[in-house]
Amino acid sequence: MLFSQDIGIDLGTANTLVFVKGKGIIIREPSVVAVDQRYNPVRVVAVGSQAKEMIGRTPGSIGAVRPLRNGVIADFDATAEMLRKFIRKAVTASPFSKTRVMICVPSGVTEVERRAVNDAAKSAGARYVSLIEQPMAAALGAGLPVDAPRGSMIVDIGGGTAEVAVVALGDIVTSRSVKVAGDSYDEAIINYIRKKHSLLIGERTAEDIKIQIGSAFPYEGEGAMSVKGRNLVDGLPKDVEVSAEEIRNALKGSLSHLLDAIRTTLENTPPELSADIIDGGITLTGGGAMLRGLDKLIEKEMKIPVTISDNPLDCVVEGTGICLEKHH
Ligand SMILES: Nc1ncnc2c1ncn2[C@@H]1O[C@H](COP(=O)(O)OP(=O)(O)OP(=O)(O)O)[C@@H](O)[C@H]1O
Ligand SMILES: [Mg+2]
(Lines give C-alpha, C1' and ligand atoms only; values in the text may rest on other atoms or scores of the structure.)
(Ligands and ions follow the chains in the order given, each with its own letter.)
Protein backbone atom coordinates (compact mmCIF):
# COMPACT_ATOMS: atom_id res chain seq x y z
CA MET A 1 0.00 0.00 0.00
CA LEU A 2 1.32 3.39 -0.96
CA PHE A 3 0.26 6.37 1.01
CA SER A 4 1.93 9.58 1.92
CA GLN A 5 2.44 10.83 5.40
CA ASP A 6 2.34 14.46 6.38
CA ILE A 7 4.39 15.63 9.28
CA GLY A 8 4.98 19.02 10.83
CA ILE A 9 8.24 19.83 12.57
CA ASP A 10 9.11 22.63 14.96
CA LEU A 11 12.87 22.60 14.54
CA GLY A 12 13.69 24.72 17.57
CA THR A 13 16.96 25.89 19.03
CA ALA A 14 16.06 24.24 22.34
CA ASN A 15 13.41 21.64 21.47
CA THR A 16 12.27 19.78 18.39
CA LEU A 17 8.65 18.65 18.16
CA VAL A 18 7.08 16.45 15.52
CA PHE A 19 3.40 16.34 14.62
CA VAL A 20 2.01 13.53 12.49
CA LYS A 21 -1.21 14.21 10.64
CA GLY A 22 -3.94 12.10 12.16
CA LYS A 23 -1.89 11.29 15.26
CA GLY A 24 -0.90 14.57 16.86
CA ILE A 25 2.39 15.41 18.56
CA ILE A 26 4.48 12.26 18.77
CA ILE A 27 7.94 13.63 19.48
CA ARG A 28 9.06 16.27 21.98
CA GLU A 29 12.83 16.15 22.37
CA PRO A 30 15.63 18.55 23.18
CA SER A 31 17.56 19.60 20.04
CA VAL A 32 20.74 17.86 21.14
CA VAL A 33 22.99 15.43 19.28
CA ALA A 34 25.68 13.24 20.86
CA VAL A 35 28.61 12.50 18.57
CA ASP A 36 31.57 10.18 18.84
CA GLN A 37 34.54 12.29 17.82
CA ARG A 38 36.87 9.35 17.30
CA TYR A 39 35.37 8.88 13.85
CA ASN A 40 35.85 11.06 10.81
CA PRO A 41 33.34 12.28 9.86
CA VAL A 42 32.00 12.20 13.41
CA ARG A 43 29.42 9.54 14.17
CA VAL A 44 26.10 10.38 15.81
CA VAL A 45 25.45 8.07 18.75
CA ALA A 46 22.25 9.56 20.17
CA VAL A 47 19.78 12.38 19.62
CA GLY A 48 17.22 14.16 21.78
CA SER A 49 16.81 13.47 25.47
CA GLN A 50 19.07 10.43 25.24
CA ALA A 51 21.83 12.72 23.97
CA LYS A 52 21.08 15.39 26.56
CA GLU A 53 21.40 12.80 29.33
CA MET A 54 24.83 11.85 28.04
CA ILE A 55 26.19 15.33 28.63
CA GLY A 56 28.89 15.08 31.25
CA ARG A 57 28.40 11.34 31.75
CA THR A 58 30.22 10.00 28.73
CA PRO A 59 33.76 9.00 27.87
CA GLY A 60 35.89 11.87 26.59
CA SER A 61 35.42 11.02 22.94
CA ILE A 62 31.66 11.58 23.04
CA GLY A 63 30.45 15.14 23.00
CA ALA A 64 26.96 16.57 23.01
CA VAL A 65 26.23 19.43 20.61
CA ARG A 66 23.26 21.66 20.06
CA PRO A 67 23.16 21.87 16.26
CA LEU A 68 21.02 25.01 16.23
CA ARG A 69 22.05 28.31 17.72
CA ASN A 70 20.26 31.63 17.65
CA GLY A 71 17.38 30.06 15.79
CA VAL A 72 19.50 28.96 12.82
CA ILE A 73 21.42 25.86 11.84
CA ALA A 74 24.95 26.08 13.20
CA ASP A 75 25.96 22.48 12.45
CA PHE A 76 24.37 21.29 9.24
CA ASP A 77 25.35 17.60 9.42
CA ALA A 78 24.25 17.22 13.03
CA THR A 79 20.92 18.94 12.26
CA ALA A 80 20.26 16.70 9.25
CA GLU A 81 21.15 13.62 11.27
CA MET A 82 18.87 14.67 14.11
CA LEU A 83 16.01 15.31 11.69
CA ARG A 84 16.63 11.96 10.01
CA LYS A 85 16.33 10.14 13.34
CA PHE A 86 13.14 11.98 14.28
CA ILE A 87 11.55 11.56 10.85
CA ARG A 88 12.38 7.84 10.87
CA LYS A 89 10.68 7.52 14.22
CA ALA A 90 7.64 9.39 12.98
CA VAL A 91 7.05 7.53 9.72
CA THR A 92 7.59 3.89 10.63
CA ALA A 93 4.37 2.75 8.98
CA SER A 94 4.59 4.25 5.53
CA PRO A 95 7.03 4.41 2.63
CA PHE A 96 9.70 6.90 3.39
CA SER A 97 9.76 8.30 -0.11
CA LYS A 98 6.34 9.91 0.17
CA THR A 99 6.94 11.88 3.32
CA ARG A 100 5.79 15.47 3.19
CA VAL A 101 7.31 17.71 5.79
CA MET A 102 6.24 21.15 6.89
CA ILE A 103 8.89 22.81 8.97
CA CYS A 104 9.05 26.17 10.71
CA VAL A 105 11.65 28.84 10.31
CA PRO A 106 11.99 32.13 12.22
CA SER A 107 10.42 35.08 10.42
CA GLY A 108 13.75 36.83 9.97
CA VAL A 109 15.71 34.07 8.25
CA THR A 110 17.70 34.73 5.13
CA GLU A 111 17.31 32.85 1.87
CA VAL A 112 20.50 30.94 2.67
CA GLU A 113 19.13 29.88 6.05
CA ARG A 114 15.83 28.79 4.49
CA ARG A 115 17.73 26.68 2.01
CA ALA A 116 19.74 25.09 4.83
CA VAL A 117 16.57 24.01 6.62
CA ASN A 118 15.06 22.75 3.38
CA ASP A 119 18.21 20.82 2.48
CA ALA A 120 18.52 19.35 5.97
CA ALA A 121 14.95 18.02 5.78
CA LYS A 122 15.54 16.68 2.26
CA SER A 123 18.75 14.96 3.20
CA ALA A 124 16.93 13.53 6.22
CA GLY A 125 14.60 11.72 3.82
CA ALA A 126 11.68 14.06 3.26
CA ARG A 127 10.36 14.00 -0.32
CA TYR A 128 8.48 17.30 -0.16
CA VAL A 129 9.40 20.13 2.14
CA SER A 130 7.46 23.30 2.79
CA LEU A 131 8.43 26.05 5.17
CA ILE A 132 6.13 28.05 7.41
CA GLU A 133 7.06 31.15 9.32
CA GLN A 134 7.29 30.45 13.02
CA PRO A 135 5.05 33.32 14.22
CA MET A 136 2.29 32.25 11.83
CA ALA A 137 2.51 28.68 13.13
CA ALA A 138 2.56 29.94 16.73
CA ALA A 139 -0.51 32.10 16.14
CA LEU A 140 -2.39 29.20 14.54
CA GLY A 141 -1.39 26.85 17.35
CA ALA A 142 -2.43 29.37 20.00
CA GLY A 143 -5.88 29.47 18.42
CA LEU A 144 -5.75 33.09 17.26
CA PRO A 145 -8.16 34.09 14.47
CA VAL A 146 -5.33 34.42 11.93
CA ASP A 147 -7.62 34.29 8.89
CA ALA A 148 -10.00 36.93 10.18
CA PRO A 149 -9.93 40.51 8.89
CA ARG A 150 -8.58 41.66 12.26
CA GLY A 151 -5.16 41.96 13.77
CA SER A 152 -3.76 39.63 16.43
CA MET A 153 -0.39 39.97 18.07
CA ILE A 154 1.72 36.92 18.81
CA VAL A 155 4.99 36.89 20.75
CA ASP A 156 6.90 33.58 20.63
CA ILE A 157 9.90 33.39 22.94
CA GLY A 158 12.07 30.37 22.28
CA GLY A 159 15.64 29.47 23.15
CA GLY A 160 17.36 31.23 20.26
CA THR A 161 14.90 33.79 18.96
CA ALA A 162 12.00 35.88 20.12
CA GLU A 163 9.49 36.54 17.38
CA VAL A 164 6.93 39.29 17.51
CA ALA A 165 4.28 39.52 14.80
CA VAL A 166 0.92 40.96 13.94
CA VAL A 167 -1.16 38.61 11.80
CA ALA A 168 -4.37 39.25 9.88
CA LEU A 169 -6.15 37.70 6.89
CA GLY A 170 -3.85 34.69 6.94
CA ASP A 171 -0.68 36.70 6.63
CA ILE A 172 2.01 38.37 8.69
CA VAL A 173 1.37 42.11 8.56
CA THR A 174 4.49 43.18 10.41
CA SER A 175 7.06 41.28 12.42
CA ARG A 176 10.30 41.48 14.28
CA SER A 177 12.72 38.74 15.24
CA VAL A 178 15.45 39.21 17.84
CA LYS A 179 18.19 36.76 18.66
CA VAL A 180 17.86 37.44 22.34
CA ALA A 181 15.69 34.77 23.97
CA GLY A 182 15.89 31.94 26.52
CA ASP A 183 19.54 31.07 25.81
CA SER A 184 20.54 34.71 26.23
CA TYR A 185 18.67 34.87 29.53
CA ASP A 186 20.79 31.92 30.68
CA GLU A 187 23.96 33.66 29.50
CA ALA A 188 22.98 36.82 31.35
CA ILE A 189 22.66 34.75 34.53
CA ILE A 190 26.07 33.11 33.94
CA ASN A 191 27.70 36.52 33.41
CA TYR A 192 26.04 38.07 36.43
CA ILE A 193 27.08 35.25 38.76
CA ARG A 194 30.62 35.32 37.43
CA LYS A 195 30.98 39.06 37.95
CA LYS A 196 29.08 39.45 41.18
CA HIS A 197 29.95 36.20 42.97
CA SER A 198 33.17 35.15 41.18
CA LEU A 199 31.50 31.85 40.52
CA LEU A 200 31.61 29.95 37.26
CA ILE A 201 28.42 28.01 36.42
CA GLY A 202 27.33 26.09 33.33
CA GLU A 203 24.39 26.57 30.96
CA ARG A 204 22.22 23.94 32.59
CA THR A 205 22.68 25.42 36.05
CA ALA A 206 21.82 28.85 34.69
CA GLU A 207 18.65 27.48 33.10
CA ASP A 208 17.73 25.82 36.42
CA ILE A 209 18.12 29.13 38.23
CA LYS A 210 15.98 30.88 35.60
CA ILE A 211 13.21 28.31 35.89
CA GLN A 212 13.33 28.01 39.69
CA ILE A 213 13.57 31.64 40.79
CA GLY A 214 13.90 33.75 37.64
CA SER A 215 11.32 36.44 36.91
CA ALA A 216 10.57 39.51 34.87
CA PHE A 217 8.38 41.12 37.52
CA PRO A 218 8.31 40.90 41.34
CA TYR A 219 6.23 37.98 42.53
CA GLU A 220 4.79 36.76 45.78
CA GLY A 221 6.94 34.50 47.91
CA GLU A 222 10.15 35.14 46.02
CA GLY A 223 13.21 33.86 47.78
CA ALA A 224 16.69 32.68 47.04
CA MET A 225 18.49 29.51 46.07
CA SER A 226 21.89 28.07 46.63
CA VAL A 227 24.00 27.84 43.49
CA LYS A 228 27.03 25.60 43.09
CA GLY A 229 29.89 26.16 40.72
CA ARG A 230 33.62 26.71 40.50
CA ASN A 231 35.19 29.52 42.45
CA LEU A 232 37.03 31.75 40.00
CA VAL A 233 39.45 32.85 42.70
CA ASP A 234 40.86 29.52 43.85
CA GLY A 235 39.35 27.07 41.36
CA LEU A 236 37.60 25.08 44.09
CA PRO A 237 33.91 24.19 44.21
CA LYS A 238 31.82 26.68 46.12
CA ASP A 239 28.21 27.57 46.66
CA VAL A 240 26.56 30.94 47.03
CA GLU A 241 23.09 32.17 47.87
CA VAL A 242 21.41 34.01 44.99
CA SER A 243 18.15 35.92 45.34
CA ALA A 244 15.21 36.19 42.96
CA GLU A 245 15.67 39.94 42.89
CA GLU A 246 19.30 39.64 41.77
CA ILE A 247 18.28 37.33 38.95
CA ARG A 248 15.50 39.67 37.90
CA ASN A 249 18.01 42.49 37.65
CA ALA A 250 20.42 40.28 35.71
CA LEU A 251 17.66 39.58 33.16
CA LYS A 252 16.62 43.20 32.70
CA GLY A 253 18.97 44.01 29.83
CA SER A 254 17.98 40.94 27.80
CA LEU A 255 14.29 41.54 28.39
CA SER A 256 14.61 45.13 27.18
CA HIS A 257 15.37 43.73 23.69
CA LEU A 258 12.07 41.89 23.77
CA LEU A 259 10.19 44.98 24.93
CA ASP A 260 11.83 47.04 22.16
CA ALA A 261 10.79 44.48 19.55
CA ILE A 262 7.19 44.55 20.77
CA ARG A 263 7.17 48.34 20.83
CA THR A 264 8.58 48.63 17.30
CA THR A 265 6.11 46.09 15.97
CA LEU A 266 3.23 48.00 17.54
CA GLU A 267 4.55 51.21 16.01
CA ASN A 268 4.64 49.56 12.57
CA THR A 269 1.09 48.25 12.83
CA PRO A 270 -1.60 49.97 10.75
CA PRO A 271 -3.97 51.90 13.08
CA GLU A 272 -7.07 49.78 12.39
CA LEU A 273 -5.17 46.69 13.42
CA SER A 274 -3.73 48.46 16.47
CA ALA A 275 -7.28 48.94 17.66
CA ASP A 276 -7.87 45.18 17.30
CA ILE A 277 -4.78 44.45 19.37
CA ILE A 278 -5.97 46.67 22.20
CA ASP A 279 -9.15 44.56 22.28
CA GLY A 280 -7.60 41.15 21.65
CA GLY A 281 -4.43 41.68 23.63
CA ILE A 282 -1.02 40.10 23.12
CA THR A 283 -0.60 36.31 23.20
CA LEU A 284 2.63 34.73 24.41
CA THR A 285 3.92 31.33 23.25
CA GLY A 286 7.21 29.41 23.46
CA GLY A 287 9.09 28.23 26.53
CA GLY A 288 10.14 31.77 27.39
CA ALA A 289 6.48 32.68 27.92
CA MET A 290 6.75 30.69 31.13
CA LEU A 291 9.26 33.08 32.67
CA ARG A 292 7.51 34.27 35.82
CA GLY A 293 5.86 37.67 35.48
CA LEU A 294 6.80 38.20 31.85
CA ASP A 295 3.12 38.73 31.04
CA LYS A 296 2.89 41.36 33.79
CA LEU A 297 6.01 43.18 32.60
CA ILE A 298 4.74 43.39 29.00
CA GLU A 299 1.29 44.43 30.20
CA LYS A 300 2.77 47.23 32.30
CA GLU A 301 5.10 48.48 29.57
CA MET A 302 2.66 48.31 26.63
CA LYS A 303 -0.57 48.95 28.53
CA ILE A 304 -2.20 46.12 26.59
CA PRO A 305 -3.60 42.92 28.15
CA VAL A 306 -1.33 39.88 27.81
CA THR A 307 -2.33 36.21 27.76
CA ILE A 308 -0.03 33.19 27.98
CA SER A 309 -1.30 30.49 25.63
CA ASP A 310 -2.12 27.03 26.91
CA ASN A 311 0.81 24.64 26.37
CA PRO A 312 3.16 27.37 25.16
CA LEU A 313 5.83 24.82 24.13
CA ASP A 314 3.44 23.05 21.74
CA CYS A 315 1.89 25.98 19.86
CA VAL A 316 4.31 26.15 16.95
CA VAL A 317 4.12 22.46 16.07
CA GLU A 318 0.35 22.44 16.67
CA GLY A 319 0.23 25.28 14.17
CA THR A 320 2.05 23.23 11.53
CA GLY A 321 -0.47 20.46 12.23
CA ILE A 322 -3.43 22.79 11.71
CA CYS A 323 -1.83 23.98 8.48
CA LEU A 324 -1.32 20.41 7.25
CA GLU A 325 -4.92 19.46 8.00
CA LYS A 326 -6.08 22.56 6.12
CA HIS A 327 -4.02 22.14 2.99
CA HIS A 328 -3.95 18.50 2.05
N1 LIG B 1 9.44 27.73 33.31
C2 LIG B 1 10.25 28.39 32.49
N3 LIG B 1 10.63 29.65 32.78
C4 LIG B 1 11.46 30.32 31.95
N5 LIG B 1 11.96 29.83 30.81
C6 LIG B 1 11.62 28.58 30.48
C7 LIG B 1 10.75 27.78 31.28
N8 LIG B 1 10.61 26.58 30.69
C9 LIG B 1 11.35 26.60 29.56
N10 LIG B 1 11.95 27.80 29.43
C11 LIG B 1 12.87 28.22 28.37
O12 LIG B 1 12.23 28.15 27.12
C13 LIG B 1 13.22 27.99 26.11
C14 LIG B 1 12.80 26.91 25.16
O15 LIG B 1 11.60 27.26 24.57
P16 LIG B 1 11.13 26.61 23.19
O17 LIG B 1 11.12 25.15 23.28
O18 LIG B 1 9.88 27.31 22.81
O19 LIG B 1 12.34 27.09 22.25
P20 LIG B 1 12.67 26.63 20.76
O21 LIG B 1 11.41 26.63 19.98
O22 LIG B 1 13.43 25.37 20.79
O23 LIG B 1 13.65 27.81 20.30
P24 LIG B 1 13.56 28.78 19.01
O25 LIG B 1 12.11 28.98 18.72
O26 LIG B 1 14.24 30.03 19.45
O27 LIG B 1 14.30 28.08 17.95
C28 LIG B 1 14.52 27.65 26.82
O29 LIG B 1 15.37 28.79 26.82
C30 LIG B 1 14.05 27.32 28.22
O31 LIG B 1 15.04 27.61 29.18
MG1 LIG C 1 10.42 27.90 18.79
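# Working through the sheets and helices

Five strands make up an open sheet, ordered β13-β12-β11-β17-β18, with mixed pairing. Keep in mind that this is a predicted model.

**Exercise 1. Find which strands stand at the edges of the sheet β13-β12-β11-β17-β18, and work out what packs on it.**

Solution.
- Step 1: Look for strands that pair on one side only. These are β13 (171–178) and β18 (306–308), the edge strands.
- Step 2: Check the twist. Neighbouring strands of this sheet are turned by 20° against each other on average, ignoring direction.
- Step 3: Pick one pair inside the sheet. Strand β11 (residues 152–157) runs parallel to strand β17 (residues 282–285), and 4 bridges join them. For a landmark, find aspartate 156, which sits opposite threonine 285 in β17.
- Step 4: Now add the helix. α7 packs on the sheet and touches β11, β12 (162–168) and β13. The direction of α7 makes about 155° with that of β13.

**Exercise 2. Describe how helix α5 (residues 182–197) and helix α7 (residues 244–267) cross.**

Solution.
- Step 1: Decide what to report. Two packed helices are described by the angle between their axes and the distance between the axes.
- Step 2: Get the numbers. The axes of α5 and α7 come within 9 Å, and they cross at roughly 125°.
- Step 3: Classify the angle. That value makes α5 oblique to α7.
- Step 4: Add the hand, which is right-handed for this crossing of α5 and α7.
- Step 5: List who makes the contact. From α5 come Ser184, Tyr185, Ala188, Ile189 and Tyr192, and from α7 come Ile247, Ala250, Leu251, Gly253 and Ser254.

**Exercise 3. Is strand β9 (residues 100–105) largely enclosed or open, and which strands does β9 pair with?**

Solution.
- Step 1: Go through the residues of β9. A residue is buried if 20 or more other C-beta atoms lie within 10 Å of its own. Of the 6 residues in β9, 5 are buried, so the strand is largely enclosed by the rest of the structure.
- Step 2: Take one partner. Strand β1 (residues 6–11) runs parallel to β9, with 4 bridges between them. Here glycine 8 stands opposite methionine 102 in β9.
- Step 3: Take another partner. β9 pairs with strand β10 (residues 128–133) in the parallel sense, over 6 bridges. Cysteine 104 has isoleucine 132 in β10 as its bridge partner.
- Step 4: Trace the connection. From β9 the chain crosses through helix α3 (residues 111–123) to β10, a right-handed β-α-β crossover.

**Exercise 4. Lay out the open sheet of 3 strands.**

Solution.
- Step 1: Write the order, β5-β4-β6, with antiparallel pairing.
- Step 2: Mark the edges. β5 (43–47) and β6 (62–65) have a single partner strand each, so one side of each is left without a neighbour in the sheet.
- Step 3: Note the twist, which averages 30° between neighbouring strands, direction ignored.
- Step 4: Zoom in on a pair. Strand β4 (residues 33–36) is joined to β6 by 4 bridges, running antiparallel. Aspartate 36 faces isoleucine 62 in β6 across this pairing.

**Exercise 5. Is lysine 228 buried or exposed?**

Solution.
- Step 1: Locate lysine 228 in strand β15 (residues 224–231).
- Step 2: Count the other C-beta atoms within 10 Å: there are 11, so lysine 228 is exposed.
- Step 3: Look for contacts beyond four places in sequence. Lysine 228 is in contact with Pro237 and Asp239.
- Step 4: Compare sequence with space. Lysine 228 and valine 240 are 12 residues apart in sequence, and their C-alpha atoms are 6.7 Å apart.

Terms used
Residues numbered from 1 in each chain as written. Chains lettered and ligands numbered in written order. Predicted model: local features only at pLDDT ≥ 70, side-chain atom pairs only at ≥ 80, totals over all residues. Buried ≥ 20, exposed ≤ 12 C-beta atoms within 10 Å, placed from the backbone. Helix = DSSP H or I, 4+ residues; strand = E, 2+ residues; numbered from the N terminus. Pairing = 2+ DSSP bridges. Right-handed = clockwise from strand over helix to strand, strands pointing away. Axes fitted to C-alpha atoms, helices over the stretch in contact; angles between N-to-C directions. Parallel < 35°, antiparallel > 145°, perpendicular 65-115°, else oblique. Left-handed = near helix turned anticlockwise from the far one by under 90°. Contact = placed C-beta atoms within 7 Å.
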